Amino acid sequence: MITHVHSTTINVRNLDEAAAFYVDVLGWEKRQDSNEAGMRWLTVAPPGAQTAFALSLADAPNVSFAMGCGISLITDDIDGDVARLVGEGVTVKGEPETMPWGDRATWFSDPFGNEFFLVQLAS
């Protein structure tokens, strides 16, 4: 079952400059800052918030990733949810796969072509 919104993407021109603004100026927490497989994953959030903001370079090498997952949703059963979505006729990009940072994920679209990044967090 999808349990909550994990993150939404904010496109920025410089990750370090953006992190400084959100953390130092707004007082938000830096939740994740990793560089796996040549892709930097940086999230920030207001203290105590469940939903984070993924900071993404608009001109990142993998623009489809940067631009295609504006909203990430967390699930506790990605295989079950994907099977249910496919059964309902929802377009799912592919079987869940392990991301470079360890979570299992895939993308699905609503009837209007809006894409969502569905994630089961690694334990």
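This is a short talk on the fold, the aromatic pairs and the nonpolar core of one protein chain.

Good morning. Please keep in mind throughout that the structure before you is a predicted model.

I shall begin with the overall layout. The chain contains three helices and nine strands. Read from the N terminus, its elements follow the order β-α-β-β-β-α-β-α-β-β-β-β. The chain has 123 residues, and 37% of them count as buried. If we take the contacts between residues at least 6 apart in sequence, 50% of these join residues at least 24 apart.

Let us now turn to the aromatic rings. How many aromatic pairs does the structure hold? There are six. One of them is formed by Trp28 and Phe53, whose ring centres are 5.2 Å apart; their planes meet at 25°, and because planes under 30 degrees apart count as stacked, this pair is stacked. Where do Trp28 and Phe53 sit in the chain? Trp28 belongs to the loop between α1, residues 15-25, and β2, residues 29-36, whereas Phe53 is in strand β4, residues 52-57. The two residues are 25 apart in sequence, and the pair thus links distant parts of the chain.

Are these two residues buried or partly exposed? The cut-off for buried is under 20% relative accessible area. Trp28 has a relative accessibility of 18%, so Trp28 counts as buried. Phe53, at 23%, counts as partly exposed.

A second stacked pair consists of Phe108 and Phe116, with ring centres 5.4 Å apart and planes at 20°. Phe108 is buried, at 10% relative accessibility, and Phe116 is buried as well, at 18%.

Two further remarks concern the rings. Trp28 and Phe53 form one aromatic cluster together with Phe21 and Tyr22. Elsewhere, Lys93 lies over the face of Trp107, at 5.9 Å from the centre of the ring.

I come next to the nonpolar core. In soluble globular proteins, nonpolar side chains tend to be buried together. Which residues make up the largest nonpolar core here? The nine residues are Val12, Leu15, Ala18, Ala19, Tyr22, Trp28, Leu42, Val44 and Leu55. Two elements, α1 and β3 (39-45), each give two or more residues to this core. The largest contribution is that of α1, with four residues. Tyr22, a member of both the core and the aromatic cluster, deserves a closer look. Beyond its neighbours within four places in sequence, Tyr22 is in contact with Ile10, Gly27, Trp28, Val44 and Leu55.

Let us also consider a polar residue, Ser7, which is located in strand β1, residues 2-12. Ser7 counts as buried, with a relative accessibility of 1%. The side chains of Ser7 and His6 are joined by a polar contact of 3.2 Å. Setting aside neighbours within four places in sequence, the contacts of Ser7 include Trp41, Thr51, Ala52 and Gly70.

Trp41 leads us to the final topic, the pairing of strands. In which sense do β2 and β3 pair? They are antiparallel, with seven bridges between them. One bridge sets Ser34 against its partner Trp41 in β3. The hairpin of β2 and β3 has two residues between the strands, and in this hairpin Ala37 takes a positive phi near 55°.

In closing, I would ask you to remember Trp28: this residue stacks with Phe53 and belongs to the largest nonpolar core. Thank you for your attention.

Methods:
Residues are numbered from 1 along each chain as its sequence is written. This is a predicted model: local features need pLDDT of at least 70, side-chain atom pairs count only at pLDDT 80 or more; totals for chains, interfaces and linings use all residues. Side-chain values use heavy atoms; hydrogens and water are left out. Rings of Phe, Tyr and Trp (its six-membered ring) pair if their centres lie within 6.5 Å; planes under 30 degrees apart count as stacked, over 60 as edge-to-face and the rest as tilted. Buried means under 20% relative accessible area, exposed over 50%, partly exposed in between (1.4 Å probe, protein chains only). A charge sits over a ring if NZ of Lys or CZ of Arg is within 6 Å of the ring centre and within 35 degrees of the ring normal. A nonpolar core is a set of buried Ala, Val, Leu, Ile, Met, Phe, Trp, Tyr and Cys residues joined through side-chain atoms within 4.5 Å. Contact means heavy atoms within 4.5 Å. A polar contact is a pair of N or O atoms within 3.5 Å; within protein, one must be able to donate a hydrogen and the other to accept it, and residues adjacent in sequence count only if both atoms are side-chain atoms. Two strands pair if DSSP finds at least two bridges between them.
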